[in-house]
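Here's a quick tour of the model you have open. Let's start with the ligand and work outwards.

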Amino acid sequence: MTSTPSLIDQLRQWWLRTRCPTEFLCDNCKYDHPSACLRPQRPNAIKCPDYQPR
Ligand code: SF4
């Protein structure tokens, strides 16, 4: 079963992206560490469902 982000999640991601002060989300993400994030787009993610501001 595939899951699509809910509208709330999409809005939340849009809002976080809009408020991010850096070009890449990772530069402002608390998971920006090799042991905390295994996503291939790190450290240059511009879109990420796991992004959490520091
Ligand atoms: S969770 Fe996403 S935004 Fe955060 S470091 Fe990993 S790839 Fe970057």
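## Around the ligand

The ligand has 13 residues around it, and Cys 26, Cys 29, Cys 37, Cys 48 and Asp 50 are the closest. Here a residue is near a molecule if its C-beta atom, placed from the backbone, lies within 6 Å of it. This is a predicted model, where local features need pLDDT of at least 70 and side-chain atom pairs count only at pLDDT 80 or more, while totals for chains, interfaces and linings use all residues. Numbering runs from 1 along each chain as its sequence is written.

The shell sorts by residue class like this:

| Class | Members of the class | Residues in the shell |
|---|---|---|
| Nonpolar | Ala, Val, Leu, Ile, Met, Phe, Trp, Tyr, Cys, Pro | eight residues |
| Polar | the others, Gly among them | one residue |
| Charged | Asp, Glu, Lys, Arg | four residues |

As for secondary structure, the chain has one helix and zero strands, taken as DSSP runs (helices H or I, at least four residues; strands E, at least two) numbered from the N terminus. The helix, α1, has 13 residues and should span 18 Å at 1.5 Å a residue (1.5 Å times one less than its number of residues), which agrees with its end C-alpha atoms being 18 Å apart. None of its 13 residues is buried, where buried takes 20 or more other C-beta atoms within 10 Å of a residue's own, exposed 12 or fewer, and partly exposed anything in between, with C-beta atoms placed from the backbone. Across the chain, 7% of the 54 residues are buried.

Leu 38 sits in the segment after α1 (7-19) and counts as exposed because it has 8 C-beta neighbours inside 10 Å.
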